[in-house]
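Got your viewer open? Let's take a walk through this model, one selection at a time.

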2 protein chains.
Amino acid sequence: MKRKLHLSRRVESVLASPIRKFLPLALAAEQRGIEVLRVNVGDSDIPVPKVFWRALRSFRDRNIGYAPSPGIPQHTRAWVKYYATLGVKLRPQDIIPTVGCAEAMLFALLGVADPGDEVLVFEPVYPSYKGFAAMLGIRLVPVTLSVENNFALPPAATIAKKITRKTRAIVVINPNNPTGAVLTKQETARIIQLAKKYHLFIIADETYREIVFQGKPTSFLQSKSAREHVIALDSMSKKFSCPGVRIGAIVSRNAEVMRNVLRVAMVRLSAPTLEQWATIPLLEHAATHARSIAREYQRRRQVVYSALKKMPGVTVRQPAGALYIIAALPIANTEDFVKFLLTEFHYRGKTALVTPAADFYITPGLGRNQIRIAYVLNAARLRQVMEVLERGLQAYRQKYGTA
Amino acid sequence: MKRKLHLSRRVESVLASPIRKFLPLALAAEQRGIEVLRVNVGDSDIPVPKVFWRALRSFRDRNIGYAPSPGIPQHTRAWVKYYATLGVKLRPQDIIPTVGCAEAMLFALLGVADPGDEVLVFEPVYPSYKGFAAMLGIRLVPVTLSVENNFALPPAATIAKKITRKTRAIVVINPNNPTGAVLTKQETARIIQLAKKYHLFIIADETYREIVFQGKPTSFLQSKSAREHVIALDSMSKKFSCPGVRIGAIVSRNAEVMRNVLRVAMVRLSAPTLEQWATIPLLEHAATHARSIAREYQRRRQVVYSALKKMPGVTVRQPAGALYIIAALPIANTEDFVKFLLTEFHYRGKTALVTPAADFYITPGLGRNQIRIAYVLNAARLRQVMEVLERGLQAYRQKYGTA
């Protein structure tokens, strides 16, 4: 007989989000009258295109019933039309809208991997993959990328060494959170080739698809030969700058995968009804809306990248997409530096909240000298962030020394 | 080396929702020009109180950023105030808003049970518990209740026989979906006593708390002695008749439980932003809004219950809450009957979609002669449903014989 209430062990291995865990220190700094410039979360100051509000208003006073588990048909058809503009022909049953990309991740991992199975990821990786894998008993196997090499993928043979009989899928986030890297054609081909050779699914997280600073938006779904392998994860959050609407999608032309996903989707009933309606016009003119948002991020990237490049001892490469940049700082532990910025430092009444990068890695000890910056503020405010960072770094190194 | 793409086995054991799986047949009947009266899903024709729309409009044109993972503070405080009206004193950190009660279920199960652990449920049970347990590798152990006994709980000793070293929690849905039963004071005390004696959590799904037809709304959170044991699951969906907003909550005064839940909540980022704002005024006058909704369900229950009671061979008891009733029909297999209603039958151009009850049970073979009706249509339309059912039952028995 047990003697006390037992919590689950599996949640013990779910780390507190590195992106969100410093929030209490930021709030305390604000209590002390310091302005905290927040560039930790991919939560942008860019407003959602106005058509969203018009569509939302037109729903007014109707019943707010459950949406069907496979999505409101008009909403799902809007996704189908959107994908057609990328040259991807889908049937409505190839798409299920989800509660943000986060739920699409959960569904994809649940759909392809049992407890003890392995999934390949490139580290640094978006931390929710670590969280969901821990909940589901799935082992994430990391292939390590480096900032010096601008997070380019290693040769196929290096990746293949990590594949075992238990490997079920490769996760690729493209454009990448947290690195801002965008896969080259060669890298995309390498992933497809590996997936086919080793019978793996490609879980392609394409949340940032439209936020690319050269070339066109792409998708793994465009590959004809890997049709059965690709499970794409999508989101309204970044391309239309509305993360709080919590609408994403899981997309696959593998009917068995979607049959599995639909079963899981029925258990949680449905994604929010109002937002499924209100996002239809966004999908109908996706390229236009997303292009203007991407251009704004391109301007911001320039501010952040050029400032970081000039800072002594900082290693950084130019990101090609998304809204993040990883920088290696000349200090031993960026967790301490982030705490320092929030508790001991300000420059002209301002400080900044950036994300220490260690928790984006799976291999212990990696990334401890790195930070991620989300360029979610306008250019003027980003200049202030960069000034805080530069002065803060000087002050920190004077006080605590270098790496 | 494996030869093909591997899907997960765990999802194989997630059944298609019994509530939703007949939808294709209903759509086909509608294509043939038959009106299908849908009483399968708890998706009501009662509109959300108008204050929701006012609050939603006032948010217009603001940025739709992520909500904080532990909830928008004003929203969480509105829950705290609402619980105070039930005599339950909470701190904001005792509550995390979720994507409907479904996500609260997932969080509660994740928080207390590891793969191979057991959780006690009373069958018939709401099917999403079966789905989430299958995904998470948790074994649901059923204690069987009967329609003849109006789903009353057995004595403590009978329940205790099902408790093993691996049991982590007892799930109680009160008022109950799918039975409509409401726990008596003695039954509530029995659950609390068992939980304390055997060191179990009580996962108290109180989605239908306010929909009771006599006495006041109650909560397991009102128990002082079981403070550490109770994890309450809540929802806006039924008490304010707005299931499509997807806002629920998980509530516990056990700080360790909430620490676990917050970790999991961070992985999925947040519940929808607009709905967290727009539901604040609903919570602020919850009793008033919910009371008028509960009264309407009480009228409807009378229509459904009195009609079923008169049907020859039908066993039914009067439900005391929620918006469901279970009836045992004088036939062998209600799945066949539901299919018959949708494919071979209509009465004056109308038929009905009800839910066969077998999938609400865990023990194989139980409930095959039962159906669940959700009284989500107005009284006039429910009378039509009852007429369809009575005539349909006659026609079915003439054609296929009795049980």
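## First stop: an unusual loop residue

Start by selecting A:Phe151, which you'll find in the loop between strand E4 (139-144) and helix H6 (156-160) of chain A. Keep in mind that you're looking at a predicted model. What is the sign of phi at A:Phe151? It's positive, about 60°, although A:Phe151 is not a glycine. To see what makes that worth a stop, remember that most residues other than glycine have a negative phi.

## Next: a cis bond in each chain

Now move to A:Pro124, in the loop between strand E3 (118-123) and H5 of chain A. Click on the peptide bond that runs from A:Glu123 to A:Pro124: this bond is cis, with omega near 5°. Most peptide bonds, by the way, are trans.

Then jump to chain B and pick B:Pro124, which sits in the loop between strand E3 (118-123) and helix H5 (127-136) of chain B. B:Glu123 and B:Pro124 are joined by a cis peptide bond too, with omega at about 5°.

## Two helices side by side

Back to chain A. Select residues 286-310, helix H11, and residues 379-400, helix H13. Their axes come within 9 Å and cross at roughly 15°, which means H11(A) is roughly parallel to H13(A). The crossing is right-handed.

Which residues meet here? Show the side chains of A:Arg299, A:Arg300, A:Val303, A:Val304 and A:Ala307 in H11(A), and of A:Ala379, A:Leu382, A:Arg383 and A:Met386 in H13(A). Colour this contact by class and you get six nonpolar residues, three charged and no polar ones.

## Two helices at a slant

For another pairing, hop over to chain B and select helix H4 (residues 100-112) and helix H8 (residues 255-267). They pack at an angle of about 120°, with axes 9 Å apart, so H4(B) is oblique to H8(B). This crossing is right-handed.

From H4(B), the contact uses B:Phe107, B:Leu110 and B:Gly111. From H8(B), pick out B:Val257, B:Asn260, B:Val261, B:Val264 and B:Ala265. Sorted by class, the contact of H4(B) with H8(B) holds six nonpolar and two polar residues, with no charged ones.

## Where the chains meet

Zoom out and show both chains. How many residues of chain A are in contact with chain B? There are 67, and they touch 67 residues of chain B. On the chain A side, select helix H4 (100-112), helix H5 (127-136), helix H8 (255-267) and helix H9 (273-278): these are the elements that give two or more residues. H8(A) gives the largest share, seven residues. By class, this side of chain A has 31 nonpolar, 16 polar and 20 charged residues.

## Last stop: the rotation axis

Turn chain A by 180°, with 0.0 Å of shift along the axis, and chain A superposes on chain B with an RMSD of 0.0 Å. The two copies are therefore related as by a two-fold rotation axis. Want to find that axis? Select A:Leu136: among the residues of chain A, A:Leu136 comes closest, with its C-alpha 3.3 Å away.

The copies also meet through the same surface, because 100% of the interface residues of chain A are interface residues in chain B as well.

Before you close the viewer, try colouring by confidence. Chain A averages a pLDDT of 95, and 99% of the residues score at least 70. For the complex, the predictor gives an ipTM of 0.95 and a pTM of 0.96.

Technical notes. Residues numbered from 1 in each chain as written. Chains lettered and ligands numbered in written order. Predicted model: local features only at pLDDT ≥ 70, side-chain atom pairs only at ≥ 80, totals over all residues. Axes fitted to C-alpha atoms, helices over the stretch in contact; angles between N-to-C directions. Helix = DSSP H or I, 4+ residues; strand = E, 2+ residues; numbered from the N terminus. Parallel < 35°, antiparallel > 145°, perpendicular 65-115°, else oblique. Left-handed = near helix turned anticlockwise from the far one by under 90°. Contact = placed C-beta atoms within 7 Å. Nonpolar A, V, L, I, M, F, W, Y, C, P; charged D, E, K, R; others polar. Least-squares fit on C-alpha atoms with pLDDT ≥ 70 in both. pLDDT = per-residue confidence, 0-100.
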